[in-house]
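The following paragraphs lead through selected parts of one structure, from a helix pair to a sheet and then to a ligand site.

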Amino acid sequence: MGLQAHEDIRRRGGAVGDAVATFVHRLRADRSNRALRRTFLRAAGDNGDLYLAYADTQSMVLLLSTDGGDEMRVLAVRDGALARDELTRLTVEINPVSGAIEVVDQSEVSANVVALPDRTDTTPEEGPQGEAVPRVSPGTQAAADTTAPATSSLRTPIFAHHDDEVLLGLGVVPSLLPTLRKVRTDEQFEALLTHNLPELTRDVLLALRDHVEPRDVRRHITDKWRPEDDVNPGDWSRAARRAVSQAETDDDAVLGALGKGFDAWRLFLHPEQKRLAAGDFKGSAKVTGGPGTGKTVVALHRVRHLVDRLPAGHSRPVLLTTYNANLALDLLERLRQLGGAELLRRVDVKSVDVLAREIVEEAREALGRPMDDDAAMDLWHTVLTETGRFEYDAEFLDTEFKHVIVAGRCGSWEAYRRVGRAGRPRISMAQRHEIWQLVLAYKAHLESPPRQTTYALIADRAAALEQHRMTRAEKQARYKEEQGGRDLVHREAGSGMWLRPRYQHIVVDEAQDLSASHWRMLRAMVAKGPNDIFLVGDAHQRIYGHRVVLSHQGIEIRGRASRRLTLNYRTTRQILGSANRLITGAAFDDLDTGTDTLDGYRSVLTGLVPQLWRAPDRMTEMRAVATLIQERHDTYGTPYSAMAVSVPDGSSAQQFAGVLAREPYHIPAVELGPKGVRADLEAVRIGTMHRFKGLEFQRVFLTSFGEGQVPHQRIEQYRGTYPDRYRQEEQRARSLVFVAATRARDELVITWSGKASRFLPKDADETAHRAADLLRKDGPPSGSSGSAAA
Ligand SMILES: Nc1ncnc2c1ncn2[C@@H]1O[C@H](COP(=O)(O)OP(=O)(O)OP(=O)(O)O)[C@@H](O)[C@H]1O
């Protein structure tokens, strides 16, 4: 199955998908099956032939046959009365840069794109709801930022300043050039993008249109598509076997996904993603990249790749882990989709804290009851009240304890006195000493019955236990080697067990939020060696953890084992532009000793500019959001489960759910809790921005986005006295908003009452829509958007 064929099916919906799936099964069972009505169309190069065939009475497929008919590939799918004509006129070629087989519908492109200047009412084509690529949401045409007038036949063609050689060298499909030379307006360009263009061509053209220099396009886009071997544009047999020509190597996975629509598109890999998922690394490997660039997808495919290479067995030698429990559940579900129960049998999927707790429990150590974040904070307040040290605040002490004292294994004042505090707000030695006294008081509380503990302490203990286990395992291994490989069970008196490292491979998602203790634990769970730890993360999205330098934790990542993904598959260009503005200027690390940027970060999806709504008070704001949600559900068919609302805290979530449930809305809503929400529950998701991490939704509503709420006004207390801390808190708030905004696939709506947050454009209060107007019957249509992007 070719990638573009899959896109054809996705655009046409479930029935065509089912027909093609059945067709492919029948073709595989018997290539000479006459009932499939396969007819020869023409030869493609020296060693390929093109055929047409009926999938059912409505739809037809274009097939490429190579290797003397042994290999058959579906290249394109069309349905309806003109299906045969449409397939016959397709241009099929091997891209000289990527070596991929690519399909272009010349006449459709020319008819719809080049003819456009004479028409004033043309809008981009739209597929089924939420399925169109580029994605254009309902009611968005007026809002799309493509405002070029139609009277522009005198304009210079958009790509005039790039000659053919440059375009072809960057990977633009050769047969598209004549059409491309005629594209003069943004409107034509948008129309061109609504066609099922080869992925590399689309990506290159969008980057050039955004004035990215060809040399940067080459670096960020084209080079990632180059195959290992030389491309021979006449060798169809080789081209058909190349990974880039296939939607997915495991045909069953594709076929199983056909017709499911929304979930199916999770399963494709960009050549760069594929290289990472299936790469062989000398030691650990790291993948960074902005939100939605497919880091989690790569991690999941990596797990499958590692499991595929295991010898048969019943153990679980692969660990897939992440920061929080609801994401671990999400990973488990996505892994099941990818490889079913067979795959899950060989993998442990757990959050780092659950893992740490199990290790400590396994050692039968009684550490006390773990406190949640609120309880930990309450205990700090108790300590502050008892000691009267009100100049310190609980949150500061809690992070100092977690990220400096526990992470740095400071068991004594001497150790804390000397420990590095890089990245933390500056304090004097006298303050350090005072903090240490407060920490001693805090620990004394933990020890006194009923004994309590924190997750940071559990992770630290688990790390120590695992390090001890690893040391013993290494000692045993050395001894065994000295003894000529004989098992000497009696050496482990008492245990009777031959110790092995706990896992063979560890894959980590959301790596930016793990603490030093977590990394120490993971490092000690797997022996140093090829493909030991594979981690994906993004420092721009760090909202819990503190900077950890991996090489200081024994995780060495060298040269080509450190890669960055730059193409966002989730979020439209319009939403991404707004989200990116939030974090420009700030410095971010690369999870190791270097710095990371979002250089080259881009999206190829287009849609609405983010909408801003301002309300006079919170109740009007909530009712306006309820109205927007209802309209998106009733008019545009967006399921409630594909929409999410962010609120400042737990009690606001309940208040919001109450408004949605009441007259006149009756909208089901569910709170996003620590364990997530059942995927099939048809209800709007409500939660704090923290809960949005790692998830994605079709439409996202960020509410309470007023000044004082985003960032929270409590950070103001540090502005004059602790400028370092102020800067850090503000950056963390920006990262949080960045995470929340980039969860949106199609639409982002931002609302507030009072004055707009400083993170929004300066004129937001003046340009935003009025929520109160929306609630009046004669207000503007809620899908319209004239406001500036956030
Ligand atoms: N090659 C691809 N083709 C099409 N869709 C893709 C591809 N790679 C990823 N996606 C889709 O893009 C979305 C984002 O992917 P994923 O969740 O892996 O990103 P991420 O980098 O982990 O994001 P975040 O950092 O925001 O959590 C998902 O819907 C995923 O299915």
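At what angle do helix α22 and helix α26 pack, and how far apart are their axes? This is a predicted model, in which local features need pLDDT of at least 70, side-chain atom pairs count only at pLDDT 80 or more, and totals for chains, interfaces and linings use all residues. Residues are numbered from 1 along each chain as its sequence is written.

Helix α22 (residues 573-583) packs against helix α26 (residues 723-741) at about 170°, with the axes 9 Å apart. Helices (H or I, at least four residues) and strands (E, at least two) are DSSP runs, numbered from the N terminus; axes are lines fitted to C-alpha atoms, for helices over the stretch in contact, and angles run from 0 to 180 degrees between N-to-C directions. The two helices are therefore roughly antiparallel, a term for angles over 145 degrees. Among the residues that meet are I575 and L582 of α22 and V737 and F738 of α26.

An open sheet of seven strands follows the order β21-β22-β20-β23-β24-β19-β25, with parallel pairing; strands pair if DSSP finds at least two bridges between them. Because β21 (669-671) and β25 (769-770) each have a single partner strand, one side of each is left without a neighbour in the sheet. Three parallel bridges join β21 to β22 (residues 684-687), and A669 has V684 as its bridge partner in β22.

Turning to the ligand, 21 residues surround it, each with its C-beta atom, placed from the backbone, within 6 Å. The closest are P291, G294, K295, T296 and Y569. Helix α13 (residues 295-308) gives the largest share of this shell, three residues.

How values were computed
Angles under 35 degrees count as roughly parallel, over 145 as roughly antiparallel, 65 to 115 as roughly perpendicular and the rest as oblique. Two residues are in contact if their C-beta atoms, placed from the backbone, lie within 7 Å.
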